[in-house]
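Work through the exercises below with the sequence and the model open. Each task is followed by a worked solution.

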Amino acid sequence: MEQEKKAKVLCLHGFRTSGSFLKKQISKWHPSIFQQFDMVFPDGIFPAGGKSEIEGIFPPPYFEWFQFNKDFTDYTNLECISYLCDYMVKNGPFEGLLGFSQGATLSALLIGYQAQGKVLTDHPPIKFMVSISGSKFRDPGICDIAYKDSIKVKSVHFIGEKDWLKVPSEELASAFDDPLIIRHPQGHTVPRLDDASVKQLSEWSSRILEDLKNGDLHVPKALDSEESTGAGLAENPVEQVAA
């Protein structure tokens, strides 16, 4: 009998790190949590444009998905959106997304934009997301689309008590319908999980697998009305976000 294919999860790393580093970070978690998933860890499309906080901790090269100003209100080089859409179509389908920091922020945008029919129209709906120290984009032009409606995918959000993105992480979680929030006492990092958190995440991932197997994970399709397209939006997703 042919072995059943594992559900694919696209895992997006944080700013000026790498897919290999995120894979190492996730390896701190109990292996049973994601052993039934095919975890894919691509690198960002831009080489790190400055010093990485993991220099001396993990070997280079380091990458970033896009750039931003100090207030996180202006973003450049958002070609990563089109790149990831192409990547997902060519290498998927992907059932879910996992991201840390910049990768989580980008993952939520992709899901929100797909829900509004702006990207990934030729890819099946993303059904779940794991956000670690994620946040919303702050550009109003992005927010009005990506977080226009409650994002109706299964989601779990790791929020650190000492994380400088604690409040933004809570704001991102509030953009999702019925999110599972797992809090930890650490900072801006992929946390080591205590027994209670391992149990929570294991039960959550097991339910995801069961729902996928039974076909019970249904994500509402984007509306085909004028309301769903929004007025004056460019057809190119990069132009939509960067405008």
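**Exercise 1.** Which residues does F137 touch, leaving out those up to four places away in sequence? Is F137 buried or exposed?

Solution. The model is a predicted one. Start with the contacts: F137 touches F66, Y75, L78, T105, L106, L109, I142, C143 and Y147, with residues up to four places away in sequence not counted. Next, place the residue: F137 sits in the loop that runs between β8 and α4 (140-146). Then take one partner, T105, which is 32 residues from F137 along the chain; the two C-alpha atoms are 6.9 Å apart. Last, apply the cut-off: buried means under 20% relative accessible area, and F137 is therefore buried, at 1% relative accessibility.

**Exercise 2.** Classify H123 as buried or exposed, and find what its side chain has for a polar partner.

Solution. Locate H123 in the loop between α3 and β8. Its relative accessibility is 6%, so H123 counts as buried. For the polar partner, look at the backbone nitrogen of F94: a polar atom of the H123 side chain is 3.0 Å from this nitrogen. F94 also belongs to the contact list of H123, which, with neighbours within four places in sequence set aside, reads M88, V89, P93, F94 and Q114.

**Exercise 3.** Which residues of helix α1 (residues 19-26) are buried, and what do they pack against?

Solution. The buried residues in α1 are G19, F21, L22, Q25 and I26. Because they cover an arc of only 160° around the axis, they are on the same side of α1. The general rule is that an α-helix has 3.6 residues a turn, so residues three or four places apart point the same way. The packing partners of the buried residues of α1 are β1 (7-12), β7 (96-100) and β8 (128-132).

**Exercise 4.** Describe the largest pocket: its volume, its lining and the elements that contribute.

Solution. The largest pocket holds about 750 Å³ of space. Its lining has 34 residues, and those nearest the centre are F15, F100, S101, W164 and H188. Elements giving two or more residues to this lining are α1, α3 (102-115) and α5 (166-174). The largest share, 3 residues, is from α1. By type, the lining residues split into 13 nonpolar, 13 polar and 8 charged.

**Exercise 5.** How many helices and strands does the chain have, and what percentage of its residues is buried?

Solution. Count 8 helices and 10 strands. Of the 243 residues in the chain, 49% are buried. As for contacts between residues at least 6 apart in sequence, 76% join residues at least 24 apart.

Technical notes:
Residues numbered from 1 in each chain as written. Predicted model: local features only at pLDDT ≥ 70, side-chain atom pairs only at ≥ 80, totals over all residues. Heavy atoms only, no water. Buried < 20%, exposed > 50% of the residue type's maximum accessible area, 1.4 Å probe, protein only. Helix = DSSP H or I, 4+ residues; strand = E, 2+ residues; numbered from the N terminus. Arc of directions from axis to C-beta. Contact = heavy atoms within 4.5 Å. 1 Å grid on protein atoms, 1.4 Å probe; cavity = no way out; pocket = protein on both sides within 12 Å on 5 of 7 lines; lining within 4 Å. Points joined across faces, edges and corners; volume = space filled by probe spheres on them. Nonpolar A, V, L, I, M, F, W, Y, C, P; charged D, E, K, R; others polar. Polar contact = N/O pair within 3.5 Å; in protein donor to acceptor, adjacent residues only side chain to side chain.
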